[in-house]
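Got the viewer open? Load the model, switch the side chains on, and follow along one selection at a time.

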Amino acid sequence: MRFVVISDTHDNMQAIRDLIDTLKSERFEFVVHAGDIIAPFAMKSLKDLGKKIYFAFGNNDGEKRLLTKIAEDNGWIIGEIVEFPNGVVYHGTDVRIVEILKKTDHKYLVLGHTHEAKIEKSENKITINPGEICGYLTGKRTFAIVEDEDASIVEF
């Protein structure tokens, strides 16, 4: 299984287009978005990836009803905490929720919100924060690729 992890697109359409162009040459099964999509037009543009997408709502996602409709219309999954094959995604940083999610049987725990790319491996779990697509806070635009229980951060 090979999948892409993104977060914090924050309506940066140029960064989203660059991401889509970058991923056109990659082979992967699905995308996990760890929140802060922001506007419906940004979400719609991700349709160009042609893949199933699992979205966690972020703290800046205000149009949740419309984002949910777009996701459903495209066969995508969206919610506050969302399961994907062998994993779970959550945008927040509430330590209690993160600790509960770490205790699940999921191999992958995907987190967003901090904009800081980070991968942590323990005996039975890989925790991934892909950083930010927008590049607003860190000055870096990053995502993660996960394949066969190995994860890496890619800057584009």
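Start with what counts as an aromatic pair: rings of Phe, Tyr and Trp (its six-membered ring) pair if their centres lie within 6.5 Å, with planes under 30 degrees apart called stacked, over 60 edge-to-face, and the rest tilted. Searching the whole structure turns up 8 aromatic pairs. Before you click on any of them, note that this is a predicted model, where local features need pLDDT of at least 70 and side-chain atom pairs count only at pLDDT 80 or more, while totals for chains, interfaces and linings use all residues. Residues are numbered from 1 along each chain as its sequence is written, and side-chain values use heavy atoms, with hydrogens and water left out.

**Stop 1: the rings**

Select Y54 and F84. Their ring centres are 6.2 Å apart and the planes meet at 50°, so this pair is tilted. Y54 belongs to strand 3 (residues 52-56) and F84 to strand 5 (residues 81-84), so the pair ties together parts that are 30 residues apart in sequence. Helices (H or I, at least four residues) and strands (E, at least two) are DSSP runs, numbered from the N terminus.

Are these two buried or exposed? Buried means under 20% relative accessible area, exposed over 50%, and partly exposed in between (1.4 Å probe, protein chains only). Y54 is buried at 11% relative accessibility, and F84 is buried at 5%.

Now add F3, F30 and Y108 to the selection: ring pairs link F3, F30, Y54, F84 and Y108 into a cluster.

**Stop 2: lysines over rings**

Next, show K51 with F28, then K64 with F57. A charge sits over a ring if NZ of Lys or CZ of Arg is within 6 Å of the ring centre and within 35 degrees of the ring normal. The charged end of K51 sits over the F28 ring, 5.1 Å from its centre. For K64, the charged end sits over the ring of F57, 5.1 Å from the centre of that ring.

**Stop 3: two buried valines**

Pick V89 in strand 6 (residues 87-90). At 0% relative accessibility, V89 is buried. Contact means heavy atoms within 4.5 Å. Leaving out residues up to four places away in sequence, V89 touches V32, H33, A34, A56, E80, I81, V82, F84 and V110; F84 was part of the tilted pair you selected earlier. Try a C-alpha to C-alpha distance from V89 to V5: the two are 84 residues apart in sequence and 9.7 Å apart in space.

Then jump to V146, in strand 10 (residues 142-147). V146 is also buried, with a relative accessible area of 0%. Its contacts, again not counting residues up to four places away in sequence, are M1, R2, F3, V5, Y108, I128 and A151. F3 and Y108 are members of the ring cluster.

**Stop 4: loops and histidines**

Which loop holds H91? H91 lies between strand 6 and helix 4, and is buried, with a relative accessible area of 3%. Setting aside neighbours within four places in sequence, H91 has contacts that include S7, D8, F57, G112 and H113. H91 and T114 are 23 residues apart in sequence, with C-alpha atoms 8.9 Å apart.

Move on to H113, in the loop between strand 7 and strand 8. H113 is not a glycine, yet has a positive phi of about 80°; H113 is partly exposed at 31% relative accessible area. H115 lies in the loop between strand 7 and strand 8 as well. Phi of H115 is positive too, near 70°, and H115 is buried at 6% relative accessibility.

**Stop 5: the largest pocket**

Finish by turning on a surface. A pocket is an open set of points on a 1 Å grid over the protein atoms alone, where a 1.4 Å probe fits, with protein on both sides within 12 Å along at least five of seven lines; lining residues have an atom within 4 Å of a point. The largest pocket holds about 320 Å³ of space, a volume being the space filled by probe spheres set on the points, which are joined across faces, edges and corners.

Of its 17 lining residues, select the closest to the centre: L111, T114, K118, T127 and N129. Helix 4 (95-102), strand 8 (118-121) and strand 9 (126-129) are the elements that each give two or more residues to the lining, and helix 4 supplies the largest share, with 4 residues.
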